[in-house]
Amino acid sequence: MSSVPTITLNDQVTIPQLGFGVWQVGNDEVVPAVAKALEVGYRHIDTAAAYQNEAGVGRAIRESGVARDDLFVTTKLWNSDHAAADARRAIERSLENLGLDHVDLYLIHWPAVKKYGDLYIEAWEAMHQFQAEGLTRSIGVSNFNVEHLDALTGTVPTVNQIEMHPTFTQASLRATLSERGIHPEAWSPLGQAKDLQNPVIAEIAKSLGKSPAQVIIRWHLQIGNIVIPKSVTPERIAENFDVFDFDLDPTQIDRINALDAGNRIGGDPATATF
Ligand SMILES: NC(=O)c1ccc[n+]([C@@H]2O[C@H](COP(=O)([O-])OP(=O)(O)OC[C@H]3O[C@@H](n4cnc5c(N)ncnc54)[C@H](OP(=O)(O)O)[C@@H]3O)[C@@H](O)[C@H]2O)c1
């Protein structure tokens, strides 16, 4: 079985660099998807309270027989739960849904400034307590721009999970994260499949005898991103994990870096109203 590199985060917790995403996968459909992912070798699962599939993720984990210590499970705090007491209820509910006594990484899903102002700062303070109590091994953020990172007190987040794919590379925010010791984690790493159609990706894939998805995942890995592609299709789940027997050369990496076109798919953290 291929071996997935691990990244040591700024709190010394290690995370498998390639994980499995489960957004927009229902509680029933997620069970066979996570089962397949664990069977082919993924050991890192990315869910969220908002995905409403933590129970299915937990069921697949239990039925897999994979030892808890060999797994890395991330879940996320939803926007309406940023107040400290709500955040505590939220992590307790997530753990109960997952059937776990702790997660490995707990993220603030969005700063949600348009709807909840600076309440995300209170959530971040509360998360330190959750970590101290062992409810989560590591704490981080998602969809944070520099101004949101600047407002945090306490420890520096371990990761910032942000939208990143070849046509939306986030070069400037990645540079800031690197300076601050915050690891970049790519959501919608395939551009929700849109970037698979890109002619440059297709050409590189053809020249290597690999699929467009494998080329894009390889690009994320080689530029240092943690990457969490999603699929519910068994062949694709396996294909997306089969990325450790080839390298992109520096010219190919540069060509993909040059595809940035500002193609944001999801919300802009500065203006999102949810
Ligand atoms: N923090 C956040 O705010 C946030 C936001 C969005 C996503 N995320 C996380 O990031 C994960 C990944 O992002 P995402 O789900 O938006 O998009 P993605 O992983 O970029 O793309 C998923 C899409 O690509 C297709 N696909 C996957 N592998 C493929 C392959 N080898 N060949 C062809 N098509 C393929 C999937 O189809 P099938 O499933 O039909 O196979 C699905 O339509 C999420 O599941 C979630 O865990 C986090």
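Where is the place of Q170? In this predicted model, Q170 is found in the loop between β8 (159-163) and α7 (171-180). The backbone there deserves attention, since Q170 has a positive phi of about 60° although it is not a glycine. Is Q170 buried or exposed? With 20 other C-beta atoms within 10 Å, Q170 is buried, because the threshold for that class is 20 or more.

A112 offers a second case. Its phi is near 55°, a positive value in a residue other than glycine. A112 lies in the loop between β6 (103-108) and α4 (113-116). A112 has 24 C-beta neighbours inside 10 Å and therefore counts as buried.

Helix α7, which spans residues 171-180, also contains L173. L173 has 19 other C-beta atoms within 10 Å, so this residue is classed as partly exposed. Once neighbours within four places in sequence are left aside, the contacts of L173 are V146 and I162. L173 and I162 are separated by 11 residues in sequence, and their C-alpha atoms are 9.4 Å apart in space.

From these individual positions one may turn to the interior. In soluble globular proteins, nonpolar side chains tend to be buried together. In this model, the largest nonpolar core has 73 residues, and V22, V34, Y106 and A123 are those with the most contacts inside it. Helix α5 (residues 119-132) supplies the largest share of this core, namely seven residues.

The surroundings of V22 can be described residue by residue. Apart from its neighbours within four places in sequence, V22 is in contact with V30, A33, V34, I45, D46, T47, Y51, N53, V57 and K230. Among these partners, V30 and V34 belong to the α1 side of a contact between two helices, and V57 belongs to the α2 side.

That contact joins helix α1 (residues 30-40) to α2, and the two axes come within 8 Å and cross at roughly 45°. Two packed helices are described by the angle between their axes and the distance between the axes. Given their crossing angle, α1 and α2 are therefore oblique to each other. The crossing of α1 and α2 is right-handed. On the α1 side the contact is made by V30, V31, V34, A35 and L38, while α2 contributes G56, V57, R59, A60, I61, E63 and S64. Sorted by class, the contact of α1 with α2 has eight nonpolar, two polar and two charged residues.

Helix α2 (residues 54-64) also packs with helix α3 (residues 84-98), their axes coming within 7 Å and crossing at roughly 45°. The helices α2 and α3 are therefore oblique to each other. Here E54, A55, V57 and G58 in α2 meet S94, N97 and L98 in α3. By class, the contact of α2 with α3 consists of three nonpolar, three polar and one charged residues. V57 thus appears in the list of α2 residues that meet α3, in the list of α2 residues that contact α1, and among the contacts of V22.

The text now follows α1 to its end. V40 is in helix α1, and G41 lies in the loop between α1 and β4 (44-46). With 16 C-beta neighbours inside 10 Å, V40 counts as partly exposed. G41 is likewise partly exposed, with 16 other C-beta atoms within 10 Å. V40 and I7 are 33 residues apart in sequence and 20 Å apart in space, C-alpha to C-alpha. For G41 and V13, the separation is 28 residues in sequence and 20 Å in space, again from C-alpha to C-alpha.

Which residues does V40 touch, not counting those up to four places away in sequence? They are I237, A238 and F241, and these positions fall in helix α10 (residues 234-241).

Helix α10 has a further partner in helix α9 (residues 212-223), and the axes of the two come within 9 Å and cross at roughly 40°. It follows that α9 and α10 are oblique to each other. Their crossing is right-handed. The contact is made by A213, Q214 and I217 of α9 and by R236, E239 and N240 of α10. These residues of the contact of α9 with α10 divide into two nonpolar, two polar and two charged.

Definitions and conventions:
Residues are numbered from 1 along each chain as its sequence is written. This is a predicted model: local features need pLDDT of at least 70, side-chain atom pairs count only at pLDDT 80 or more; totals for chains, interfaces and linings use all residues. A nonpolar core is a set of buried Ala, Val, Leu, Ile, Met, Phe, Trp, Tyr and Cys residues joined through C-beta atoms within 7 Å. A residue is buried if 20 or more other C-beta atoms lie within 10 Å of its own, exposed if 12 or fewer, and partly exposed in between; C-beta atoms are placed from the backbone. Helices (H or I, at least four residues) and strands (E, at least two) are DSSP runs, numbered from the N terminus. Two residues are in contact if their C-beta atoms, placed from the backbone, lie within 7 Å. Axes are lines fitted to C-alpha atoms, for helices over the stretch in contact, and angles run from 0 to 180 degrees between N-to-C directions. Angles under 35 degrees count as roughly parallel, over 145 as roughly antiparallel, 65 to 115 as roughly perpendicular and the rest as oblique. Ala, Val, Leu, Ile, Met, Phe, Trp, Tyr, Cys and Pro count as nonpolar, Asp, Glu, Lys and Arg as charged, and the others, Gly among them, as polar. A crossing is left-handed if the near helix is turned anticlockwise from the far one by less than a right angle, and right-handed if clockwise.
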